[in-house]
Amino acid sequence: MDIRVKITQATSLKSACLIVAIHEKRQLSPSAKVLDSLCNKRISHLVKKGDFDGKLGHTWLLDNPDGVAAERIMLVGCGSKKKLNIKAYRKIHCHILNALKKTNIKDVTLYTTELEIKDASTAEKVRHASEALLETSYSFDELKSGNKKTIALKSITLNIENKRDLPKAQQALKTATAIATGMDIARRLGNLPGNICTPSYLAKQATNQAKSCKKTRVTVLGEAEMKKLKMGSLLSVSKGSRQPPKLIVIEYKGGKTKDKPYVLVGKGVTFDTGGISLKPGAAMDEMKFDMCGAAGVIGTMATVSKLQLGINVVAIVPSVENMPDGAASRPGDIVTSMSGQTIEILNTDAEGRLILCDALTYAEKFNPKTVIDTATLTGACVVALGSHCSAVLSNNDKLAQDLLKAGTTSGDRTWQMPLWDDYQDQLKSNFADMANIGGREAGTITAACFLARFTKKYKWAHIDIAGVAWHSGARKGATGRPVPLLTQYLMNQT
Ligand code: BES
Ligand code: MN
Ligand code: ZN
């Protein structure tokens, strides 16, 4: 499915379908008004009769309208004019695509950039419309044997009114397409089951992806190399699995050689059973999504290389499978991390921090400008924030602010939680430098406090995506978050 931006003439356009907006209270958008006067007031009659109410996301297809060259007109409800914001605007485009999926329409032209949204430029509207359309066109059916859903729709044109908006609109479309590509990659990796998407599989995908970009290089460290680096904490998690652990390093060089890189670290637990501290059975299948931090980081690297950003970026993905087994870690085991600090594993289900801490120590070698790790780290995060935003915790307030801002711009929102030393006491161990769990209270914060002990040498932020990385229930599937957030942050650094 291809999207472009263009200045078009609705009246003479030979498109299979023109899509125009109608608000609640029978308010026609400017383009709807133009078409209405050409086709004998068919649109306003329909609206007056009450057949089409203009409620947000409702759609109506008019076939063979008189007076226009196009074969169809689709009306899309945009709800209240006053309440229209970027979120609603994106929703409208999700509904448009879902309606189009049910038809055999192959090309459409949208007149939705004319909708008025406070403080949003044409380019921003193009970006969000494109992202929403592309996001909704995603499907994952490579593991189904028959009945693969294909969309007839091949081409979408976003009409813009003003010639001077064209360059920025085109740039916005490019950004949106690149972000959607990264999200598709992240969603696919997330949706693949644990028996296919293993640490070795992730490593292979990252390696293949890099082949199409001259500025990208991938290195994969195996168990022996990690042993040499004394990554005792990471290795203690993979011990119980037959799948060998991998540390995947993706280096993108878009800046000057001596520019410090932005380092992204993504939790890549390809399946989390909890280990000997076994999880309850209900919904355990969803723990195949426990590598969504890794998927997000790998997807972001694809986006970064598509956009050819002029900065250096390094992705580090520690990847393991957390299984119960005769060789698995037991509660009470004490391991030594790469940093030299010792950890008492009081719960083998708090494994994410055990692999991240060694990856974060490894990050030091890149002399990073900033380090951002992202992980489906704590169930507590879902309890605290639900599934609307991720949590950000940072040892640097500017970095936290930059991420909050990137969240707002991209629509992939995040919210700050405190990383005060007051919480550090909860990690006290009688037998080692620290325990890997901090008790019932403030689980997301104590997890971040644990990581903070390994990130003292650089500016660091942790993003807990446990609530946003995938949908449960009927819509079960990976979301592609935090690709938009990470990409926006990186774009803002150029
Ligand atoms: N991957 C889980 C976190 C998780 C659970 C994310 C459910 C999304 C939904 C993580 O490895 C984990 O098991 N965390 C434990 C930590 C606890 C043992 C301190 C948790 O959140 O229960
Ligand atoms: Mn776990
Ligand atoms: Zn986990």
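A polar contact here is a pair of N or O atoms within 3.5 Å. Keep that cut-off in mind for the first stop. The model is predicted.

**Stop 1: ligand 1**

Select ligand 1 and show what lies around it. The shell holds 16 residues. Lys279, Asp290, Asp349, Glu351 and Gly379 are the closest of them. Colour the shell by residue class. Seven of its residues are charged, five are nonpolar and four are polar.

Now pick out the polar contacts one by one. Start with Asp272. One of its polar side-chain atoms is 2.9 Å from an oxygen atom of ligand 1. Go on to Thr376. Here the backbone supplies the atom: an N or O of Thr376 lies 3.3 Å from a nitrogen atom of the ligand. Then take Leu377. A polar backbone atom of Leu377 is 3.5 Å from a nitrogen atom of ligand 1.

Switch to a surface view. On its own, ligand 1 has 510 Å² of accessible area, and the protein covers 77% of that. Hide the ligand and look at the space it takes. That space is the second largest pocket.

**Stop 2: the sheet S13-S14-S18**

Select residues 333-336, which are strand S13. Add strand S14, residues 342-345, and strand S18, residues 434-435. These three strands form an open sheet in the order S13-S14-S18, with mixed pairing. Which strands are at the edges? They are S13 and S18, each of which pairs on one side only.

Zoom in on S13 and S14. Their pairing is antiparallel and runs over four bridges. For a landmark, label Ile334 and Glu344: Ile334 stands opposite Glu344 in S14.

**Stop 3: strands S2, S6 and S7**

Move to strand S2, residues 17-23, and strand S6, residues 107-110. They pair in the parallel sense, over three bridges. Label Leu18, then look across to S6, where Thr109 stands opposite.

Next, add strand S7, residues 155-159. S6 and S7 also run parallel, joined by four bridges. Which residue of S7 is the bridge partner of Val108? It is Ile156.

**Stop 4: two backbone exceptions**

Most residues other than glycine have a negative phi, and most peptide bonds are trans. Two places in this model depart from that pattern.

Stay by S2 for one of them. Select Arg26, in the loop between S2 and strand S3 (27-28). Its phi is positive, at about 60 degrees, although Arg26 is not a glycine.

Finish at Pro482. Find the loop between strand S21 (477-478) and helix H14 (483-491); Pro482 lies there. Show the backbone from Arg481 to Pro482. The peptide bond joining them is cis, with omega about 10 degrees.

Notes
Residues are numbered from 1 along each chain as its sequence is written. Chains are lettered from A and ligands numbered from 1 in the order in which they are written. This is a predicted model: local features need pLDDT of at least 70, side-chain atom pairs count only at pLDDT 80 or more; totals for chains, interfaces and linings use all residues. Side-chain values use heavy atoms; hydrogens and water are left out. A residue is near a molecule or strand if one of its heavy atoms lies within 4 Å of it. A polar contact is a pair of N or O atoms within 3.5 Å; within protein, one must be able to donate a hydrogen and the other to accept it, and residues adjacent in sequence count only if both atoms are side-chain atoms. Accessible areas come from the Shrake-Rupley method with a 1.4 Å probe; for residues, only the protein chains shown count as cover. On a 1 Å grid over the protein atoms alone, a cavity is a set of points where a 1.4 Å probe fits but cannot get out, and a pocket is an open set with protein on both sides within 12 Å along at least five of seven lines; lining residues have an atom within 4 Å of a point. A molecule sits in a cavity or pocket if more than half of its atoms lie within 2 Å of its grid points. Ala, Val, Leu, Ile, Met, Phe, Trp, Tyr, Cys and Pro count as nonpolar, Asp, Glu, Lys and Arg as charged, and the others, Gly among them, as polar. Two strands pair if DSSP finds at least two bridges between them. Helices (H or I, at least four residues) and strands (E, at least two) are DSSP runs, numbered from the N terminus.
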